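Biologist: Could you take me through this one and explain how each label was earned? I'd like the reasoning, not just the labels.

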Amino acid sequence: MRLNVHTGGDGERTALLVHGAMADHRTWHAVEGALIERGYRVVAPDMRGHGLSPRGEYTPELLAADLAESLPEGADLAIGHSMGALALSSAVERLRPRRAVYYDPGWQFSAVRAGDLAAMRTMVAAASPAAIAEANPRWSEADVQAEAAGFALFDPEFFAMVEACAGSDFIPERPVVPSLVQLADPSFTISPEGADRLKERGFEVRVVAGTGHCSHRDDFTAYMESLQGWI
């Protein structure tokens with residue numbers, strides 16, 4: 001599937017930014033701006049079922065194939081968040097970025113707590129900018145508006161894939177390219193045992209202290225600091 005792809009900046013280096021479930025490329029607005037200031041051209045798709053990309057069947061394999069079909073190979077940097085990180089890790093052999101960052105990646109569905117998916121469904125169905133702001137008091141107004149816009153264009157059928165992945169473990173056997181894993185504090189997608197496995201397998205693991213699943217919106221400064229040496 002050819003995805004809707006947003007681009008920004010005209011730097012000599014290229015960064016790919018892959019959003020998580022229920023969002024679209026606009027979730028990256030602040031990260032995009034920071035990377036453009038550092039000399040990057042930013043390429044950010046809307047995954048299938050999100051933003052302005054088409055709808056269809058939802059499986060991790062298809063999400064990865066979409067990225068390989070829609071994004072340039074050999075980027076200097078690729079960052080994937082949550083389900084976007086799962087898709088990126090499955091597409092990395094084909095995309096071959098110089099460096100990959102997997103941000104609170106959706107690799108360990110056994111770590112997702114009972115009731116999380118039901119809460120997500122309710123959140124999307126009842127979302128308004130006021131409700132989003134109340135639930136996320138540290139977010140900027142731009143973050144709140146981006147979240148509301150993403151919810152409005154999200155296909156709830158995507159949740160069927162997330163439910164089908166229940167109990168699965170997608171932690172990669174090895175980093176295909178030099179790879180950083182950024183974790184929330186605590187992560188609900190990677191268990192402490194999973195983090196240990198990642199370190200043993202050659203991934204660098206960093207925790208963005210005091211932040212939830214959307215660290216880049218909870219504490220943008222801390223999130224960017226956790227990327228030092230990788231961007």
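Modeller: Let's begin with a cut-off: a disulfide is a pair of cysteine sulfur atoms within 2.5 Å. Keep in mind that this is a predicted model.

Biologist: How do you know that Cys-165 is not in a disulfide?

Modeller: The closest cysteine sulfur to that of Cys-165 is in Cys-214, and it sits 19 Å away, too far for a bond. The limit is 2.5 Å, so the pair fails, and the structure holds zero disulfides.

Biologist: And why are these two cysteines called buried or exposed?

Modeller: Buried means under 20% relative accessible area. Cys-165 has 5%, so it is buried. Cys-214 has 16%, so it is buried as well.

Biologist: Where does Cys-214 sit with respect to the largest pocket?

Modeller: The pocket has a volume of about 780 Å³. Of its 35 lining residues, Cys-214 is among the closest to the centre, along with Met-22, Met-120, Phe-188 and His-213. Helix 4 (116–125), helix 5 (129–135) and helix 9 (215–218) each give two or more residues to the lining, and helix 4 gives the most, with five. By type, the lining residues split into 18 nonpolar, eleven polar and six charged.

Biologist: What makes the phi of Met-22 stand out?

Modeller: Most residues other than glycine have a negative phi. Met-22 has a positive one, near 80°. Its place is in the loop between strand 2 and helix 1 (29–37). At 9% relative accessibility, under the 20% cut-off, Met-22 counts as buried.

Biologist: What about the phi of Asp-104?

Modeller: That one is positive too, near 40°. Asp-104 lies in the loop between strand 5 (100–103) and helix 4. With a relative accessible area of 0%, Asp-104 is buried.

Biologist: Which peptide bond is cis, from Asp-185 onward?

Modeller: The one from Asp-185 to Pro-186, with omega near 0°. Most peptide bonds are trans. Pro-186 is in the loop between strand 6 (179–183) and helix 8 (192–200).

Biologist: What makes strand 1 and strand 7 edge strands?

Modeller: Each pairs on one side only. They belong to an open sheet of seven strands in the order 1-3-2-4-5-6-7, with mixed pairing. Direction ignored, neighbouring strands are turned by 20° against each other on average.

Biologist: How do you know that strand 2 and strand 3 pair?

Modeller: Pairing takes at least two bridges. Strand 2 (residues 13–18) and strand 3 (residues 40–45) have four, in the parallel sense, so they pass. Thr-14, for one, stands opposite Arg-41 in strand 3.

Notes: Residues are numbered from 1 along each chain as its sequence is written. This is a predicted model: local features need pLDDT of at least 70, side-chain atom pairs count only at pLDDT 80 or more; totals for chains, interfaces and linings use all residues. Side-chain values use heavy atoms; hydrogens and water are left out. On a 1 Å grid over the protein atoms alone, a cavity is a set of points where a 1.4 Å probe fits but cannot get out, and a pocket is an open set with protein on both sides within 12 Å along at least five of seven lines; lining residues have an atom within 4 Å of a point. Grid points are joined across faces, edges and corners, and a volume is the space filled by probe spheres set on the points. Ala, Val, Leu, Ile, Met, Phe, Trp, Tyr, Cys and Pro count as nonpolar, Asp, Glu, Lys and Arg as charged, and the others, Gly among them, as polar. Axes are lines fitted to C-alpha atoms, for helices over the stretch in contact, and angles run from 0 to 180 degrees between N-to-C directions. Buried means under 20% relative accessible area, exposed over 50%, partly exposed in between (1.4 Å probe, protein chains only).
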